[in-house]
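Here are my notes on the model you sent. Please read them with the structure open.

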Amino acid sequence: KNLDFTCSTPEHFQVRVHSCSVTSSGISGVSRVARNGFGGHFVREPGIWSKKMLSRLAARSAAVLAQHHQSAARVCVVAPTRLFHVSSQHGLPIEPLPEEGGKVRMGMFPEEWFQFFYKKTGVTGPYMFGTGLILTLLSKEYFVINNEAVAGAVFVGILVYGIKKFGPSVANYADQLRQERIDFIDNKKAAIIGSTEATIEEEKKEQWRAQGVDYLFDAKRANVAMQLETIYRERLHEVSNAVKRRLDYQLDVETTQRRMAQEHMADWVVSNVVKSITPQQEKEAIAKCIEDLKRMAKAQAS
(Lines give C-alpha, C1' and ligand atoms only; values in the text may rest on other atoms or scores of the structure.)
Protein backbone atom coordinates (compact mmCIF):
# COMPACT_ATOMS: atom_id res chain seq x y z
CA LYS A 1 0.00 0.00 0.00
CA ASN A 2 1.01 3.62 -0.43
CA LEU A 3 3.01 5.21 2.36
CA ASP A 4 3.55 8.88 3.20
CA PHE A 5 6.71 10.18 4.83
CA THR A 6 7.26 13.69 6.19
CA CYS A 7 10.74 15.00 6.87
CA SER A 8 11.08 17.76 9.50
CA THR A 9 13.69 19.70 7.60
CA PRO A 10 13.75 23.41 6.71
CA GLU A 11 12.23 22.54 3.34
CA HIS A 12 9.67 20.18 4.99
CA PHE A 13 9.32 17.76 2.09
CA GLN A 14 6.51 15.30 1.95
CA VAL A 15 7.10 12.28 -0.31
CA ARG A 16 4.67 9.69 -1.52
CA VAL A 17 5.90 6.54 -3.28
CA HIS A 18 3.18 4.69 -5.10
CA SER A 19 5.15 1.55 -5.77
CA CYS A 20 8.71 0.67 -4.78
CA SER A 21 10.70 -2.27 -3.45
CA VAL A 22 13.94 -2.81 -1.54
CA THR A 23 16.67 -4.77 -3.30
CA SER A 24 20.34 -5.41 -2.65
CA SER A 25 21.37 -2.66 -5.04
CA GLY A 26 19.04 0.02 -3.71
CA ILE A 27 15.43 1.08 -3.91
CA SER A 28 13.46 1.05 -7.12
CA GLY A 29 10.10 2.69 -7.65
CA VAL A 30 7.47 2.93 -10.30
CA SER A 31 6.25 6.43 -9.58
CA ARG A 32 7.51 8.82 -6.94
CA VAL A 33 5.65 12.05 -6.31
CA ALA A 34 7.16 14.55 -3.87
CA ARG A 35 5.37 17.53 -2.48
CA ASN A 36 7.15 20.32 -0.66
CA GLY A 37 5.79 22.55 2.07
CA PHE A 38 5.11 25.42 -0.33
CA GLY A 39 2.40 23.68 -2.38
CA GLY A 40 4.56 22.70 -5.40
CA HIS A 41 5.05 19.11 -6.57
CA PHE A 42 7.32 17.21 -8.90
CA VAL A 43 7.45 13.64 -10.30
CA ARG A 44 10.36 11.27 -10.42
CA GLU A 45 10.42 8.85 -13.31
CA PRO A 46 10.93 5.10 -12.70
CA GLY A 47 14.49 4.23 -11.85
CA ILE A 48 16.87 2.94 -9.21
CA TRP A 49 18.34 5.08 -6.46
CA SER A 50 21.48 3.79 -4.82
CA LYS A 51 22.15 4.15 -1.11
CA LYS A 52 24.89 6.69 -1.81
CA MET A 53 22.32 8.95 -3.46
CA LEU A 54 19.95 8.78 -0.49
CA SER A 55 20.26 11.07 2.45
CA ARG A 56 21.18 9.73 5.85
CA LEU A 57 17.57 9.97 7.01
CA ALA A 58 16.25 8.10 3.96
CA ALA A 59 18.82 5.29 4.33
CA ARG A 60 17.97 4.89 8.01
CA SER A 61 14.24 4.76 7.23
CA ALA A 62 14.82 2.20 4.47
CA ALA A 63 16.86 -0.02 6.78
CA VAL A 64 14.18 0.02 9.48
CA LEU A 65 11.42 -0.79 7.00
CA ALA A 66 13.51 -3.52 5.40
CA GLN A 67 13.70 -5.34 8.74
CA HIS A 68 9.93 -5.34 9.10
CA HIS A 69 9.18 -6.20 5.48
CA GLN A 70 11.50 -8.91 4.18
CA SER A 71 10.13 -8.94 0.65
CA ALA A 72 8.64 -6.26 -1.57
CA ALA A 73 8.52 -3.77 1.29
CA ARG A 74 7.10 -0.40 0.34
CA VAL A 75 9.20 2.46 1.68
CA CYS A 76 9.36 6.21 1.37
CA VAL A 77 12.35 8.25 0.33
CA VAL A 78 13.22 11.91 0.59
CA ALA A 79 13.94 13.80 -2.60
CA PRO A 80 17.57 14.94 -2.61
CA THR A 81 16.70 18.25 -4.24
CA ARG A 82 13.86 20.69 -4.15
CA LEU A 83 12.38 21.84 -7.43
CA PHE A 84 10.00 24.68 -8.02
CA HIS A 85 7.80 24.61 -11.08
CA VAL A 86 7.40 28.32 -11.65
CA SER A 87 6.52 29.62 -15.07
CA SER A 88 8.15 32.60 -16.74
CA GLN A 89 4.92 34.55 -16.18
CA HIS A 90 5.29 34.40 -12.42
CA GLY A 91 4.87 37.84 -10.88
CA LEU A 92 3.38 39.41 -14.02
CA PRO A 93 0.18 41.46 -13.64
CA ILE A 94 -3.06 39.61 -14.27
CA GLU A 95 -4.71 40.59 -17.54
CA PRO A 96 -8.27 41.87 -17.14
CA LEU A 97 -11.03 39.54 -18.26
CA PRO A 98 -13.03 40.60 -21.35
CA GLU A 99 -16.44 42.05 -20.61
CA GLU A 100 -18.04 40.15 -23.50
CA GLY A 101 -17.34 36.73 -24.94
CA GLY A 102 -15.89 36.07 -28.35
CA LYS A 103 -17.83 35.32 -31.49
CA VAL A 104 -19.38 31.87 -31.81
CA ARG A 105 -21.24 29.95 -34.47
CA MET A 106 -24.31 27.81 -33.86
CA GLY A 107 -24.36 29.13 -30.33
CA MET A 108 -21.46 27.05 -29.02
CA PHE A 109 -18.51 26.74 -31.43
CA PRO A 110 -15.86 29.48 -31.22
CA GLU A 111 -15.06 31.47 -34.33
CA GLU A 112 -11.36 30.69 -33.86
CA TRP A 113 -11.98 27.03 -34.68
CA PHE A 114 -13.50 27.93 -38.02
CA GLN A 115 -10.66 30.32 -38.77
CA PHE A 116 -8.17 27.57 -37.97
CA PHE A 117 -9.86 25.19 -40.45
CA TYR A 118 -10.36 27.94 -43.01
CA LYS A 119 -6.63 28.46 -43.40
CA LYS A 120 -6.11 24.76 -44.19
CA THR A 121 -9.36 23.38 -45.64
CA GLY A 122 -11.37 26.38 -46.73
CA VAL A 123 -14.90 27.37 -45.76
CA THR A 124 -16.46 23.87 -45.72
CA GLY A 125 -13.61 22.31 -43.71
CA PRO A 126 -15.01 22.72 -40.19
CA TYR A 127 -18.49 21.60 -41.27
CA MET A 128 -17.13 18.51 -42.97
CA PHE A 129 -14.95 17.76 -39.96
CA GLY A 130 -17.92 18.04 -37.60
CA THR A 131 -20.15 15.93 -39.83
CA GLY A 132 -17.47 13.27 -40.25
CA LEU A 133 -16.79 13.21 -36.52
CA ILE A 134 -20.48 12.69 -35.74
CA LEU A 135 -20.83 9.96 -38.39
CA THR A 136 -17.67 8.25 -37.10
CA LEU A 137 -18.97 8.25 -33.54
CA LEU A 138 -22.30 6.83 -34.72
CA SER A 139 -20.84 4.23 -37.09
CA LYS A 140 -18.26 2.97 -34.57
CA GLU A 141 -20.97 3.04 -31.89
CA TYR A 142 -18.92 5.26 -29.66
CA PHE A 143 -22.08 7.27 -29.32
CA VAL A 144 -25.20 5.10 -29.14
CA ILE A 145 -28.69 6.49 -29.65
CA ASN A 146 -30.73 5.23 -26.68
CA ASN A 147 -33.10 6.58 -24.07
CA GLU A 148 -30.24 8.42 -22.32
CA ALA A 149 -29.31 10.16 -25.57
CA VAL A 150 -32.93 11.23 -26.07
CA ALA A 151 -33.08 12.50 -22.48
CA GLY A 152 -29.82 14.37 -23.03
CA ALA A 153 -31.16 15.91 -26.25
CA VAL A 154 -34.34 16.98 -24.44
CA PHE A 155 -32.26 18.41 -21.61
CA VAL A 156 -30.07 20.31 -24.07
CA GLY A 157 -33.17 21.61 -25.87
CA ILE A 158 -34.69 22.81 -22.59
CA LEU A 159 -31.37 24.38 -21.67
CA VAL A 160 -31.12 26.17 -25.00
CA TYR A 161 -34.73 27.35 -24.71
CA GLY A 162 -34.09 28.64 -21.20
CA ILE A 163 -30.98 30.46 -22.35
CA LYS A 164 -32.79 32.01 -25.32
CA LYS A 165 -35.85 32.88 -23.26
CA PHE A 166 -34.40 34.08 -19.98
CA GLY A 167 -30.80 34.72 -21.00
CA PRO A 168 -31.21 38.37 -22.05
CA SER A 169 -33.14 39.36 -18.91
CA VAL A 170 -30.66 37.54 -16.68
CA ALA A 171 -27.78 39.12 -18.61
CA ASN A 172 -29.35 42.58 -18.24
CA TYR A 173 -29.84 42.01 -14.51
CA ALA A 174 -26.25 40.81 -14.18
CA ASP A 175 -25.04 43.80 -16.20
CA GLN A 176 -27.08 46.10 -13.96
CA LEU A 177 -25.54 44.58 -10.84
CA ARG A 178 -22.11 44.82 -12.41
CA GLN A 179 -22.71 48.45 -13.41
CA GLU A 180 -23.91 49.30 -9.90
CA ARG A 181 -20.82 47.68 -8.48
CA ILE A 182 -18.61 49.52 -10.98
CA ASP A 183 -20.35 52.84 -10.16
CA PHE A 184 -19.87 52.20 -6.45
CA ILE A 185 -16.19 51.40 -7.00
CA ASP A 186 -15.78 54.44 -9.29
CA ASN A 187 -17.44 56.72 -6.74
CA LYS A 188 -15.29 55.32 -4.00
CA LYS A 189 -12.24 55.69 -6.22
CA ALA A 190 -13.20 59.28 -7.05
CA ALA A 191 -13.69 60.03 -3.35
CA ILE A 192 -10.31 58.54 -2.52
CA ILE A 193 -8.70 60.44 -5.40
CA GLY A 194 -10.36 63.67 -4.26
CA SER A 195 -9.26 63.11 -0.68
CA THR A 196 -5.76 62.29 -1.86
CA GLU A 197 -5.62 65.37 -4.08
CA ALA A 198 -6.86 67.52 -1.18
CA THR A 199 -4.17 65.99 1.02
CA ILE A 200 -1.57 66.69 -1.68
CA GLU A 201 -2.73 70.31 -1.98
CA GLU A 202 -2.64 70.68 1.79
CA GLU A 203 0.84 69.19 1.83
CA LYS A 204 1.95 71.61 -0.90
CA LYS A 205 0.48 74.49 1.10
CA GLU A 206 2.32 73.30 4.19
CA GLN A 207 5.52 73.10 2.17
CA TRP A 208 4.90 76.65 0.91
CA ARG A 209 4.34 77.75 4.49
CA ALA A 210 7.49 75.98 5.55
CA GLN A 211 9.41 77.90 2.89
CA GLY A 212 8.06 81.14 4.40
CA VAL A 213 9.44 80.24 7.83
CA ASP A 214 12.81 81.68 6.78
CA TYR A 215 11.18 85.03 6.00
CA LEU A 216 9.27 84.84 9.28
CA PHE A 217 12.48 84.23 11.20
CA ASP A 218 14.14 87.14 9.39
CA ALA A 219 11.20 89.39 10.29
CA LYS A 220 11.36 88.21 13.91
CA ARG A 221 15.09 88.90 14.01
CA ALA A 222 14.51 92.40 12.57
CA ASN A 223 11.71 92.97 15.09
CA VAL A 224 13.91 91.89 18.00
CA ALA A 225 16.74 94.09 16.73
CA MET A 226 14.30 97.02 16.46
CA GLN A 227 13.04 96.40 19.98
CA LEU A 228 16.60 96.31 21.29
CA GLU A 229 17.39 99.54 19.45
CA THR A 230 14.25 101.17 20.88
CA ILE A 231 15.14 100.09 24.41
CA TYR A 232 18.70 101.38 23.90
CA ARG A 233 17.45 104.76 22.68
CA GLU A 234 14.92 104.97 25.52
CA ARG A 235 17.66 104.34 28.02
CA LEU A 236 19.87 106.95 26.32
CA HIS A 237 16.98 109.43 26.55
CA GLU A 238 16.50 108.61 30.23
CA VAL A 239 20.22 109.12 30.85
CA SER A 240 20.21 112.46 28.99
CA ASN A 241 17.13 113.61 30.92
CA ALA A 242 18.74 112.62 34.21
CA VAL A 243 21.93 114.50 33.30
CA LYS A 244 19.88 117.52 32.19
CA ARG A 245 17.91 117.51 35.44
CA ARG A 246 21.15 117.43 37.45
CA LEU A 247 22.64 120.25 35.37
CA ASP A 248 19.45 122.27 35.74
CA TYR A 249 19.59 121.69 39.46
CA GLN A 250 23.18 122.92 39.63
CA LEU A 251 22.22 125.97 37.50
CA ASP A 252 19.27 126.75 39.73
CA VAL A 253 21.43 126.39 42.79
CA GLU A 254 24.04 128.78 41.40
CA THR A 255 21.34 131.23 40.18
CA THR A 256 19.65 131.23 43.58
CA GLN A 257 22.95 131.71 45.36
CA ARG A 258 23.82 134.64 43.05
CA ARG A 259 20.35 136.21 43.48
CA MET A 260 20.46 135.85 47.22
CA ALA A 261 23.96 137.36 47.27
CA GLN A 262 22.77 140.30 45.12
CA GLU A 263 19.72 140.88 47.30
CA HIS A 264 21.83 140.67 50.43
CA MET A 265 24.31 143.15 48.89
CA ALA A 266 21.50 145.53 47.84
CA ASP A 267 19.89 145.34 51.25
CA TRP A 268 23.25 145.93 52.89
CA VAL A 269 23.98 148.95 50.66
CA VAL A 270 20.49 150.42 51.18
CA SER A 271 20.65 149.93 54.89
CA ASN A 272 24.08 151.54 55.08
CA VAL A 273 22.96 154.45 52.85
CA VAL A 274 19.86 154.97 54.97
CA LYS A 275 21.96 154.88 58.10
CA SER A 276 24.37 157.47 56.61
CA ILE A 277 21.56 160.02 55.83
CA THR A 278 21.05 162.69 58.56
CA PRO A 279 17.67 164.32 59.39
CA GLN A 280 18.83 167.60 57.85
CA GLN A 281 19.79 165.87 54.62
CA GLU A 282 16.46 164.11 54.61
CA LYS A 283 14.59 167.43 54.94
CA GLU A 284 16.63 169.00 52.16
CA ALA A 285 16.01 165.98 49.87
CA ILE A 286 12.27 166.17 50.55
CA ALA A 287 12.21 169.87 49.84
CA LYS A 288 14.18 169.34 46.68
CA CYS A 289 11.72 166.70 45.56
CA ILE A 290 8.72 168.94 46.25
CA GLU A 291 10.33 171.79 44.32
CA ASP A 292 10.98 169.43 41.37
CA LEU A 293 7.40 168.28 41.41
CA LYS A 294 6.08 171.82 41.33
CA ARG A 295 8.35 172.74 38.48
CA MET A 296 7.16 169.71 36.53
CA ALA A 297 3.52 170.62 37.20
CA LYS A 298 4.04 174.18 35.96
CA ALA A 299 5.78 172.90 32.86
CA GLN A 300 2.86 170.62 32.06
CA ALA A 301 0.30 173.35 32.75
CA SER A 302 2.02 175.80 30.45
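Which residues do ring pairs link into a cluster? My points below start there.

1. The cluster. Ring pairs join Phe116, Phe117 and Phe129. Keep in mind that this is a predicted model. The count of aromatic pairs comes to 4.

2. Phe116 with Phe117. The ring centres of these two residues lie 5.7 Å apart, and their planes meet at 80°. Planes over 60 degrees apart count as edge-to-face, so the pair of Phe116 and Phe117 is edge-to-face.

3. Phe117 with Phe129. Here the centres of Phe117 and Phe129 are 5.1 Å apart, with the planes at 35°. That angle is neither under 30 degrees nor over 60, so the pair is tilted. The pair links distant parts of the chain. Phe117 sits in helix 2 and Phe129 in helix 3, 12 residues apart.

4. Exposure of the cluster. Are these rings' residues buried, exposed or partly exposed? Phe116 is partly exposed, at 48% relative accessible area. Phe117 is partly exposed too, at 21%. Buried means under 20%, so Phe117 at 21% does not count as buried. Phe129 has a relative accessibility of 47% and is partly exposed.

5. The largest pocket. Its space is about 290 Å³. The lining has 13 residues, and Met106, Phe109, Pro126, Phe129 and Gly130 lie nearest the centre. Helix 2 (111-121) and helix 3 (125-139) are the elements that give two or more residues to this lining. Helix 3 supplies the largest share, 8 residues. By class, the lining of the largest pocket holds 11 nonpolar and 2 polar residues, with no charged ones. Phe129 thus appears both in the ring cluster and among the residues nearest the centre of this pocket.

6. The second largest pocket. Its volume is about 160 Å³. Met106, Gly107, Met108, Val156, Val160, Ile163 and Lys164 line it. These divide into 5 nonpolar, 1 polar and 1 charged. Met106 lines this pocket and also lies among the residues nearest the centre of the largest one.

7. The chain as a whole. What is the secondary structure? The chain has 6 helices and 7 strands. Along the sequence they run β-β-β-β-β-α-β-β-α-α-α-α-α. Of the 302 residues, 9% are buried. The chain exposes about 25900 Å², and carbon and sulfur atoms supply 61% of that area. Among contacts with a separation of 6 or more, 39% join residues 24 or more positions apart.

Notes. Residues numbered from 1 in each chain as written. Predicted model: local features only at pLDDT ≥ 70, side-chain atom pairs only at ≥ 80, totals over all residues. Heavy atoms only, no water. Helix = DSSP H or I, 4+ residues; strand = E, 2+ residues; numbered from the N terminus. Buried < 20%, exposed > 50% of the residue type's maximum accessible area, 1.4 Å probe, protein only. Contact = heavy atoms within 4.5 Å. Areas by Shrake-Rupley, 256 points an atom, 1.4 Å probe, with all protein chains shown as cover. 1 Å grid on protein atoms, 1.4 Å probe; cavity = no way out; pocket = protein on both sides within 12 Å on 5 of 7 lines; lining within 4 Å. Points joined across faces, edges and corners; volume = space filled by probe spheres on them. Nonpolar A, V, L, I, M, F, W, Y, C, P; charged D, E, K, R; others polar. Phe/Tyr/Trp six-rings, centres within 6.5 Å; stacked < 30°, edge-to-face > 60°.
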